[in-house]
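Hello,

Here is the structure I promised to pass on to you. Please have a look at it first, and then read my notes below.

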Amino acid sequence: MPILAFMRDNARYLAAGGLLSFSSSYGQTFFIAIFAAHIMGAYDLTDGEWGVLYTLCTTASALVMFWAGALADHFRVRALAWIIMPGLALICLAMAANTSVLGLIAIVFLLRLLGQGFMNELAGVAMARWFVARRGLALSLSALGLAAGTATFPVVIASLFEFFSWRAVWVLSAVVLTLTFPVILWLLSAERIPGSHFEAVNSAGMHGRHWTRSEVLKSRLFWMLIPMLLGPPAWGTALFFQLVHIADVKGWPLAEYLALIPLLAGVSVVATMFSGQAIDRFGSASLTTVYLLPFALAFLTIGLAETLAMAAFGMALLGLAHGVQTTLPTAFWAEFFGTRHIGAIKAVSASVMVFGSAVGPGISGALIDLGLTFPQQMIGISVYFVAASILVAVAVRDALQHLPSTQVEMIGE
């Protein structure tokens, strides 16, 4: 089926996934980091203290997601959205009103849990379960929502700071979320039914069966992929978290450096679309073995960059890698472990990735306090990605022989 025809026939489901993905922005690091200087100033925090606080809150959210993510296997996305989206809007309002450090800890924890954790979980699980033969394309189209948020929010919020206080911007965020909520509910009112016969039969994983979460946790494949899961969120989050620091160290105007983020988002959109189609055509395994290498080159380039032009090239590479990242892991889990328990499995993966996004800012902030700038750290991060890529190639090569030989397309796609 041509892409345009696929989009037309499945517009409602794809729009639901895209809007859920977009709404996860309020709990993403790139969004929260825009307020970093204001938050540190309001609560009298150093870079290291703010990094540790962010790490602890994100780690706690990862632990909760490990167990709570399985709810997506038992409830429809629409039912969970009724709880998560209003909760996220209330937390945005709490950020605007709060004045205590203890309150800040609770707020950051809930932003990470409901925003980055649950909103992404709902979008990914919905696409993985609703689509089979075109799963990669569906995931890539859904991920455009987050790409849109990444491209627009930094620029829009930086502009809003000219007219509103940082607390007022959080109030505006709550208003936008509240207005988005009924649209998502309408899109999900015709939601496909999870756990259908076709999914159970046609979307099995290795050895032709559906793996449970406990079985996945005992598999050699999963543990060999841990560095792959940790790397992009850990160091990608650290890069966004240290945006102000990087611009300061490099001597670049912050506004000009932030202007590179839409470039990252634009390349990410293109990469997301192509990766989705590549997954559908070749399977997720082939991309999984190489997709960490652009991360390595991106960090090396930005770390060594002396000009904004060179940094722009690094951001483009990062956009390429990030575009594949938004689609690939969920498709990989569905292909290798099946879809019957995809909510619980993706929750495990999401917990690892959220934990990665927790340790990145903490480690980078602590090293900055010790005198090692983040651009200097990026050289070692590049080496990490190369080593993780080698480990992934070995793991996937061994697992490929256990995949079913064919996959049957879900009726209705």
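The lining of the second largest pocket is made up of 12 nonpolar residues and one polar residue, with no charged ones. This is a predicted model, so please read everything here with that in mind. The pocket has a volume of about 230 Å³, and 13 residues line it. Nearest its centre lie Ile 34, Phe 161, Val 244, Leu 254 and Leu 258. Four helices each give at least two residues to this lining: α4 (36–43), α13 (226–241), α14 (243–250) and α15 (254–258). The largest share comes from α4, with three residues.

Next, the closed space inside. A search of the whole structure turns up one cavity of 30 Å³ or more. Its lining counts 34 residues, and those closest to the centre are Gln 28, Asn 120, Leu 146, His 322 and Met 353. The volume of this largest cavity is about 780 Å³. By class, 16 of the lining residues are nonpolar, 16 are polar and two are charged. Helices that each supply at least two residues to the lining of the largest cavity are α3 (29–32), α7 (101–130), α8 (135–160), α13, α19 (308–325), α20 and α21 (342–369). Of these, α7 gives the most, with six residues. You will have met α13 already, as it also supplies at least two residues to the lining of the second largest pocket.

One of those cavity-lining helices, α20, is worth a visit of its own. How many of the residues of α20 are buried? The helix covers residues 328–337, and 10 of its 10 residues are buried. Among them are the aromatic-named Phe 332, Trp 333, Phe 336 and Phe 337, along with Glu 335 and Thr 330. After α20 comes Gly 338, which has a positive phi, near 85 degrees.

Finally, the surface. Leu 90, Leu 93, Val 171, Val 175 and Leu 179 make a nonpolar surface patch of about 450 Å². Two helices, α6 (77–97) and α9 (166–187), each supply at least two residues of the patch, and α9 has the largest share with three. Val 175 is found in α9. Is Val 175 buried, partly exposed or exposed? Val 175 counts as partly exposed because its relative accessibility is 43%, which falls between the 20% limit for buried and the 50% limit for exposed.

Enjoy exploring, and do write back with any questions.

Best wishes

Note on methods:
Residues are numbered from 1 along each chain as its sequence is written. This is a predicted model: local features need pLDDT of at least 70, side-chain atom pairs count only at pLDDT 80 or more; totals for chains, interfaces and linings use all residues. Side-chain values use heavy atoms; hydrogens and water are left out. On a 1 Å grid over the protein atoms alone, a cavity is a set of points where a 1.4 Å probe fits but cannot get out, and a pocket is an open set with protein on both sides within 12 Å along at least five of seven lines; lining residues have an atom within 4 Å of a point. Grid points are joined across faces, edges and corners, and a volume is the space filled by probe spheres set on the points. Ala, Val, Leu, Ile, Met, Phe, Trp, Tyr, Cys and Pro count as nonpolar, Asp, Glu, Lys and Arg as charged, and the others, Gly among them, as polar. Patches are made of residues with over 30% relative accessible area and no salt bridge: like charges are joined within 9 Å, nonpolar side chains (Val, Leu, Ile, Met, Phe, Trp, Tyr) within 5 Å. Accessible areas come from the Shrake-Rupley method with a 1.4 Å probe; for residues, only the protein chains shown count as cover. A salt bridge is a side-chain nitrogen of Lys or Arg within 4 Å of a carboxyl oxygen of Asp or Glu. Buried means under 20% relative accessible area, exposed over 50%, partly exposed in between (1.4 Å probe, protein chains only).
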